[in-house]
Amino acid sequence: MIVRTYRSKHFIRMTVIALCFSAAYSPVVVSQEAKKEAGLSCSSSDDASPCPSATPAKEIAETQNRQAASLPDAPQAQGQTSPLGSAFTPQDQNSAVLFLPVATSQRLSFSDKFTIYAHQTFGPPAVILPAFAAGTAMANPKNHYPHEWSDGAGAFGRLYGDSIATVTSERTARFLTGVALHEDPRYAPSHSKNPLMRTIHAVAFTFIDKTDSGRNTIAFSNFAGAAAGGFVGNAYLPHGYNDLTHAEQRMAIQFASIAIQNIAAEFQPQWGPIARKLRIQKILPEWWVPQHHN
């Protein structure tokens with residue numbers, strides 16, 4: 001009976017994590033779709049009322065063309081890459097989103113990787129979502145938890161701090177390991193149209209990811225992150241839950257959360273329009289989607 005209860009609690013926790021990730025992804029997709037609509041409506045407007053940025057951009061382009069025409073031909077540099085601003089724009093459709101960025105052909109610099117890390121770890125959702133996990137843990141406390149961890153405002157604070165420490169440790173370890181071993185923190189979607197194959201690809205990407213050069217490699221960053229998130233609780237959790245067995249169980253939960261992120265990113269093109277139809281942008285505050293300026 002105790003084993004069944006323990007497993008059911010962890011299943012509930014994993015379900016809550018999945019719902020939190022889905023809720024966090026939705027506003028980003030909505031924001032991207034809204035920007036697409038704005039661009040389409042702007043391009044379809046008549047000449048009498050052009051877009052605010054269309055006229056200046058056109059004048060700048062014409063000026064640059066005239067200046068280029070007046071200059072002699074110059075050799076073009078080979079292998080020149082675009083600047084950081086064009087290589088990494090977190091609000092683009094295929095770039096960094098709230099929890100898991102999607103890979104593009106552009107290679108990330110250290111600054112790009114740190115921006116993704118900071119966006120995921122210290123943004124508003126990273127502060128708000130652990131409150132849901134803490135509330136769920138209070139509603140269904142673990143067996144033999146002391147009173148200060150299961151009832152009252154102090155218990156909520158401890159559980160909330162545990163969630164923050166777990167997520168921060170997991171993401172920090174993933175970032176540092178990924179930088180050291182040149183792993184790409186972005187998700188590479190499957191090219192298959194079969195839902196089962198796409199799901200298998202997303203789960204497999206938890207263990208095998210990409211390097212900065214695009215080669216397959218063991219996802220050492222995910223292993224390090226899951227270990228950090230699982231073992232950090234040994235420093236402060238109550239007696240009976242700060243042992244090796246429970247740390248390994250928490251590590252498995254961290255791996256499951258990474259797999260859920262991958263699945264959410266894989267099927268984002270399917271559930272993104274649904275989020276748009278639900279008009280979630282009318283419910284969630286504007287600051288839910290942090291902006292980055294390079």
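A residue counts as buried when its relative accessible area is under 20%. With that cut-off in hand, the predicted model can be read through its side-chain contacts, beginning with charged pairs.

Side chains of opposite charge can pair when their charged atoms come close. Across the whole structure, a search returns four salt bridges. In one of them, K113 pairs with D212, and the closest N and O atoms are 2.9 Å apart. This contact joins distant parts of the chain, as K113 belongs to helix α4 whereas D212 sits in the loop between β1 and β2 (216-218), 99 residues apart. K113 has a relative accessible area of 7% and is therefore buried; D212, with 14%, is buried too.

Another of the salt bridges brings together the side chains of D184 and R186, with an N to O distance of 2.8 Å. Both D184 and R186 are buried. A further bridge connects E266 and R198, whose closest N and O atoms lie 2.7 Å apart. Here, too, distant parts of the chain are linked: E266 is in helix α9 and R198 in helix α7, 68 residues apart. E266 and R198 are both buried. R198 has a second contact worth pointing out, since this residue also lies over the face of F267, 4.4 Å from the ring centre.

Attention now turns to the aromatic residues. A pair of aromatic rings is described by the distance of the centres and the angle of the planes. The whole-structure search gives twelve aromatic pairs. For F114 and Y117, the ring centres are 6.0 Å apart and the planes meet at 50°, so this pair is tilted. Both residues are in helix α4 (residues 110-122), where three residues, about one turn of the helix, separate them. Their exposure can be set side by side: F114 is partly exposed at 41% relative accessible area, while Y117 is buried at 10%.

The rings of F207 and F255 have centres 5.6 Å apart and planes at 15°; because planes under 30 degrees apart count as stacked, this pair is stacked. It links distant parts of the chain, with F207 in the loop between α7 (195-204) and β1 (208-210) and F255 in helix α9 (residues 244-266), 48 residues apart. F207 is partly exposed, at 41% relative accessibility, whereas F255 is buried, at 13%.

Finally, F114 and Y117 also take part in a wider arrangement, a cluster in which ring pairs link F110, F114, Y117, F122 and F175.

Note on methods
Residues are numbered from 1 along each chain as its sequence is written. This is a predicted model: local features need pLDDT of at least 70, side-chain atom pairs count only at pLDDT 80 or more; totals for chains, interfaces and linings use all residues. Side-chain values use heavy atoms; hydrogens and water are left out. Rings of Phe, Tyr and Trp (its six-membered ring) pair if their centres lie within 6.5 Å; planes under 30 degrees apart count as stacked, over 60 as edge-to-face and the rest as tilted. Helices (H or I, at least four residues) and strands (E, at least two) are DSSP runs, numbered from the N terminus. Buried means under 20% relative accessible area, exposed over 50%, partly exposed in between (1.4 Å probe, protein chains only). A charge sits over a ring if NZ of Lys or CZ of Arg is within 6 Å of the ring centre and within 35 degrees of the ring normal.
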